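Colleague: Please take a close look at one part of this model for me. Pick a single strand and follow its surroundings step by step.

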Amino acid sequence: MRRREFVSLVTGSMAGLALGGNTAEAQQSSASIAPSLGQSEGHSTAGMLPRQVKSSKINNNRILMNSGGGTSYATPDFLTESGYNSVVVGNVGLLQMFDTVSPGLIPIGSPERAWAEARIPEAGVQIQEMHKAGLTTYSGLDIIVFPKRLIAKYASEICDANGHIDITRPKTQELFRAQMQEIFQQFPELDGVLIRTGEVYLHGQPYHGTSTATNERLINGGTAILHGEHSHLAILKVLRNEVCENLGKKLIYRTWDFGDNFHENRVYYTSVTDRVEPHPDLIFSIKHQKGDFLRLTVFNPTLMLGKHRQIVEVQCQREVYGKGAYPFYIGKGVIEGWEEYEWMMYPTDPKGLRDIVNHPLYAGLWTWSLGGGWDGPIIKNEFWTALNTFVISAYARNTARTEPEIFAEYAIAIGLDDADSKRLRQICLLSEKAVLRGQCTTLGAHIDLWWNRDDKMDVPDLSDFLSKGLIEESIAEKKESVAIWVEIEEIAQQIAFSDKNTKDFVVTSCAYGRLKHAVVAEAWELLILSKAGERSGEYDKPRIKKVLAAYDDLWQQWRNLEATHPTCSSIYHDYGFAGKPGIGAAVNKLRNL
């Protein structure tokens, strides 16, 4: 799986309850996150930025916090003062006993019942606190996940031949309906649910599963979608009827999945949604980009399609681009469209939020203020993610405003004068260009956009660059990125922040960005020279030796930065995702040439 995501609707931002462990597309394992927009630990951010006016549209936030770090986005007061009107809390869909349909299935005193009962009070308090603050409160549910005892008892009635829970079966629908009923009986203050079928994670859930398997994988794809569109329709029929009609609660149905399916295929999307009658409490949720939150990915073609209202998902801490360990600004790209859309999309295509916010189907937006991917980098300060979140959520509250206007408001609120505000903006706009050229490409060659994610570095497939004769051009592009990062670092040193911690973090994070992309540039040169040598049978050994020395030196500089700067985020590893051999192993093969 590519990622675990835990999101926040633009109306409210909140930490996800770790009910049943780390559930959600984005598991953020960051520790010691400063609970502020660039302040030192222990300082509140609630009074740092101007109080925001709430929007009539949905403005929701969701985060995952599973490491003990503090964040202002977990507090109701901060969310309401920031203008959010709704929030997504953690998954409460693991706490049901199913006593109404199968009395005694999970008996009193059993480990399963004790596990659930221990978590219900905490979940209830969190929902009540958010609700009392005026935040429309949703729980984010992965479906379909049932207690293992329930699956075992009804396997012949609810599972297919492979043992997977099948929503098209009548008994499965009965149990699923009962689950929804019990959720709202347990948590009457809960306003609605946010449904995800695209991924299911079973970490920390010892008594639940999606199939009859005794050794079920912890990471799963869309296990509920066994019959494509028909599975979605069966799920939606139960949810619309039970949640929206019978219980009078709200339903947000995420289209997120993998491949050319519900989330990004216009034909698939309308094939499902056109067969579902609209309801005032039913909204579909769609990421703003086709596929995932990646550069070189077009604006999502299913947005503002069909007859149902939609909210737009925006991730503010992106695991493919450092998670806030270095600047990567999304405000301009998300609102107006990315640089690459000039050659990837037609002039008349919608390219950003500003092109859809006046559409009658637009119902609002939600941010993932924190959360995305797996593992590190572990950030020590929320400065860059908070900036992204502020700009996107402020725009969602008032779409008549411009992105530069909102950015300037943020800069003034954190104490920057006009000159330093312009410097900060210059850093942010340059970061867009530097990341595109450093980690991706503008040369038109194919590249796996996931090769450098979280704090891991896989070996990128450079075959298309070789086939297109772009060896030196691609090396030059990476060096151009490093030159931009040098400029970014120089600008950061000139900004006078109001507190030392923020100054240290910003300067260090810009150095971090330079070193990361410098390592990438040297690794890229080594790898593409290696591939060229394999094809020709001749290696440029003197050049490879020189680049190897630079590569090793840059890694040491990066390690030194982490060791000597307390505000430095944890650095990357030279191995790939899930422990696969990465650039380190590939580069080491060149040492014996």
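**A strand inside the barrel**

Modeller: Start with strand β11, residues 250–254. Four of its five residues are buried, so β11 is largely enclosed by the rest of the structure. Buried here means under 20% relative accessible area. Keep in mind that this is a predicted model.

Where does β11 sit? Eight strands close into a barrel, in the order β2-β4-β5-β7-β11-β12-β13-β14. The pairing is parallel. Neighbouring strands of this sheet are turned by 25° against each other on average, direction ignored. In that order, β11 stands between β7 and β12. Take each neighbour in turn.

On one side is β7, residues 192–196. Four bridges join β7 to β11, and the two strands run parallel. Find G192 in β7: it stands opposite K250 in β11. Then find L194, whose bridge partner in β11 is I252.

On the other side is β12, residues 282–287. It pairs with β11 in the parallel sense, over four bridges. Look at Y253 of β11: its bridge partner in β12 is F284. To get from β11 to β12, the chain passes through helix α6, residues 266–273. This β-α-β crossover is right-handed.

Now go back to β7. How many of its five residues are buried? Five of the five are, and the strand is mostly covered. In a regular strand the side chains alternate between the two faces of the sheet. In β7, G192, L194 and R196 lie on one side, while V193 and I195 lie on the other. These residues are all buried, and both faces of β7 are covered.

Step one strand further along the barrel. Strand β5, residues 136–142, pairs with β7 in the parallel sense. Five bridges link them. One pair to find is L141, which stands opposite I195 in β7.

How does the ring close? Look at the two ends of the order. Strand β2, residues 58–61, is joined by four bridges to strand β14, residues 362–368. They run parallel. N59 stands opposite L365 in β14.

Next, some helices. A234 is found in helix α5, residues 229–246. At 11% relative accessibility, A234 counts as buried. The cut-off is 20%. A234 and T168 are 66 residues apart along the chain, but their C-alpha atoms are separated by 6.0 Å.

Helix α2, residues 111–132, has 22 residues. From first C-alpha to last it reaches 33 Å, close to the 32 Å expected at 1.5 Å a residue. Still, there is a kink of about 25° at I120, shortly before the proline P121. An α-helix has 3.6 residues a turn, so residues three or four places apart point the same way. The buried residues of α2 include R113, A116, A123, Q126, I127 and M130. Just after α2, G134 takes a positive phi of about 90°.

One loop deserves a stop too. Y329 is found between β13 (310–315) and α7 (331–336). Is Y329 buried or exposed? It is buried, with a relative accessible area of 1%. The C-alpha atoms of Y329 and K433 are separated by 9.9 Å, with their positions 104 residues apart along the chain.

Last, the cysteines. C440 is buried, at 1% relative accessible area. C568 is buried as well, at 2%. How many disulfides does the structure hold? It holds zero.

Terms used
Residues numbered from 1 in each chain as written. Predicted model: local features only at pLDDT ≥ 70, side-chain atom pairs only at ≥ 80, totals over all residues. Heavy atoms only, no water. Buried < 20%, exposed > 50% of the residue type's maximum accessible area, 1.4 Å probe, protein only. Pairing = 2+ DSSP bridges. Right-handed = clockwise from strand over helix to strand, strands pointing away. Expected span 1.5 Å × (residues − 1). Bend = angle between axes of the 7 residues up to and from the residue. Disulfide = S-S within 2.5 Å. Axes fitted to C-alpha atoms, helices over the stretch in contact; angles between N-to-C directions.
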